[in-house]
Amino acid sequence: MSAPERRPDAYYKRIYALFRPIFRAVAFFAYGVRVKRPVRYEEPVLILANHTSDLDFTDVASHISNHMYFVTSDHVTAMGLFGKYFDSWFNPIKVTKGSSKAGGVIDIMRRLRRGNCVLLFPEGRISHNGRSTDIAPATAKLAKSVKCKVVTFRASGGFFIEPRWQNYLNRGKLFSAGVVNEYSPEALAKMTNEEVLEQIRADLFVDAYAEQERLRRPFKFRHGLRDITRYYDVCPRCRGVDTLEAEGEGMTVRCRECGCELTMDELGFFHGHEGLRSCLDWEEIQLETYRKRFENGEFFAEDGVTIYSVGEGFERTELFTGPLSSSAEGFKIGGGSYAFHEMSLPEILSGGRRMEFTCGKRSYMLEKENACLNKYVELYKWATGREE
């Protein structure tokens, strides 16, 4: 879903110029980024950046001085007054998570052809485990079809500033950030889609834990492990699901079934279970546990889940609050059935508290505070064999 052209580009360029010093200040205080000589392009540019946290765009804006239109999920522009003014002042290219991005692609091409720059985060989501998430082949097709310069931008270290299980920032500095490569339309035309995709993936790939092993940079985790069970709900020792509890806002999480304790140090590494040092290690244990349960016909259920229909402008209408059940076929909640074969890949929002998906031609959102809805994304992947 794309916003209509409400004003000329010159209007948004003036607004952006007023806000760019604010973006630079935010990037400095949030990420420790200070750029003395930002890059400026004298032509329309498609900027492809990796996605490490919700304020990544301020980091890019610090390094590249051009006005740019942001591609963003429409849930951002639905965030109360912030979303309203962000939409009004910057006219972002809006897409709906968990649904077709065709409208957004058309909007990107239109704005580039009018001589603007566009910033796109092709991963579309923040990493769960510290490694960059996959980039869809459609990104390479877009890069070749826009017929303008394509710039890749990579930042590293943001995973520890905003891990996927939280929606607030920790204190620390990025490991690095900046433009990686520039590709002319002529160079892209000589490459196959597969070659372009491979190059983009290589330019943007980050392994946060591998870099932290080398750099050893401390971070101050704002609320400790308070919210980590939004994404990691499997005990690594007994493999119990939904048995973990964080201890206040400290750096320890404990299993109430077997007593296993995991602690996290200021570098973001875990201690307490052999073979588990990173979120990647934990994710591998968790996914293996999920798959074994699915294969044994064991599926998940939740109480107190709210389902909304999502309409134009991300307007939500509550349909039901109560129990949710799942199977290899799909979800059931409030008397409604939502079949996997009619869905696109569900997307996690708001630090793990919400899951958005389309079924048929309608968009929906599930919400439950402190639940790990990620397990239902993995059930969808297992049941359908689809990853994207």
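**Exercise 1. Is Glu249 buried, partly exposed or exposed, and what is its relative accessible area?**

*Solution.* Before starting, keep in mind that this is a predicted model.

Step 1. Take the accessibility value: Glu249 has a relative accessible area of 45%.

Step 2. Compare it with the cut-offs, where buried means under 20% and exposed means over 50%. Glu249 is therefore partly exposed.

Step 3. Look for a partner. The side chain of Glu249 meets that of Arg226 in a salt bridge, at 3.1 Å from N to O. This pair links distant parts of the chain, 23 residues apart: Arg226 sits in the loop between helix H9 (208-215) and strand E7 (244-246), and Glu249 in the loop between E7 and strand E8 (252-255).

Step 4. Check the partner too. Arg226 has a relative accessible area of 31%, so this residue is also classed as partly exposed.

Step 5. Widen the view. Arg226 and Glu249 belong to a network of salt bridges that also links Asp227, Arg230, Arg353 and Glu369.

**Exercise 2. Describe the sheet that contains E7 and E8, and find its edges.**

*Solution.* Step 1. Write down the strand order. Four strands make an open sheet, running E7-E8-E9-E10, with antiparallel pairing.

Step 2. Find the strands that pair on one side only: these are E7 and strand E10 (270-271), the edge strands.

Step 3. Zoom in on one pair. E7 and E8 are joined in the antiparallel sense over three bridges. At one position, Glu245 has Arg254 in E8 as its bridge partner.

**Exercise 3. Compare two further salt bridges, Asp87 with Lys94 and Glu347 with Arg125.**

*Solution.* Step 1. Recall the principle: side chains of opposite charge can pair when their charged atoms come close. The structure holds 27 salt bridges.

Step 2. Take Asp87 and Lys94, whose side chains meet at 3.4 Å, N to O. Asp87 counts as buried because its relative accessible area is 13%. Lys94 is buried as well, at 10%.

Step 3. Turn to Glu347 and Arg125, whose salt bridge spans 2.9 Å, N to O. Glu347 lies in strand E15 (residues 347-349), while Arg125 lies in the loop between strand E4 (117-120) and helix H5 (138-145), so the pair ties together parts that are 222 residues apart in sequence. Both Glu347 and Arg125 are buried.

**Exercise 4. Place Arg354 in its surroundings, beginning with its strand.**

*Solution.* Step 1. Locate the residue: Arg354 is part of strand E16 (residues 354-359).

Step 2. Follow E16 to its partner. E16 pairs with E17 in the antiparallel sense over six bridges, and Phe357 stands opposite Tyr364 in E17. The two strands form a hairpin with two residues between them, and Gly360 in the turn has a positive phi of about 70°.

Step 3. Examine E17 itself. Strand E17 (residues 362-367) has five of its six residues buried, making it mostly covered. E17 also pairs with strand E11 (residues 301-310) in the antiparallel sense, over five bridges. There, Tyr308 stands opposite Met365.

Step 4. Return to Arg354 and its contacts. Leaving out residues up to four places away in sequence, Arg354 touches eight residues by name: Arg316, Glu347, Ile348, Leu349, Met365, Leu366, Glu367 and Leu373. With Glu367, the side chains share a polar contact of 2.6 Å.

**Exercise 5. Which residues of helix H2 are buried, and what surrounds Asn50?**

*Solution.* Step 1. Go through H2 (residues 56-63). Asp56, Phe57, Thr58, Asp59, Val60, Ala61, Ser62 and His63 are buried. That is eight of the eight residues, so the helix is largely enclosed by the rest of the structure.

Step 2. Step back to Asn50, which lies in the loop between strand E1 (45-49) and H2. Asn50 counts as buried because its relative accessibility is 3%.

Step 3. Look at the contacts of Asn50. Its side chain reaches the backbone oxygen of Ala155 at 2.7 Å. Beyond its neighbours within four places in sequence, the residues in contact with Asn50 include Asp56, Phe121, Glu123 and Leu204.

**Exercise 6. Find the nonpolar surface patch that includes Leu81.**

*Solution.* Step 1. Leu81 is in helix H3 (residues 80-90), and counts as exposed because its relative accessibility is 59%.

Step 2. Leu81, Tyr85 and Trp89 make up the patch, which has about 300 Å² of accessible area together.

Notes. Residues are numbered from 1 along each chain as its sequence is written. This is a predicted model: local features need pLDDT of at least 70, side-chain atom pairs count only at pLDDT 80 or more; totals for chains, interfaces and linings use all residues. Side-chain values use heavy atoms; hydrogens and water are left out. Contact means heavy atoms within 4.5 Å. A polar contact is a pair of N or O atoms within 3.5 Å; within protein, one must be able to donate a hydrogen and the other to accept it, and residues adjacent in sequence count only if both atoms are side-chain atoms. Buried means under 20% relative accessible area, exposed over 50%, partly exposed in between (1.4 Å probe, protein chains only). Two strands pair if DSSP finds at least two bridges between them. Patches are made of residues with over 30% relative accessible area and no salt bridge: like charges are joined within 9 Å, nonpolar side chains (Val, Leu, Ile, Met, Phe, Trp, Tyr) within 5 Å. Accessible areas come from the Shrake-Rupley method with a 1.4 Å probe; for residues, only the protein chains shown count as cover. A salt bridge is a side-chain nitrogen of Lys or Arg within 4 Å of a carboxyl oxygen of Asp or Glu.
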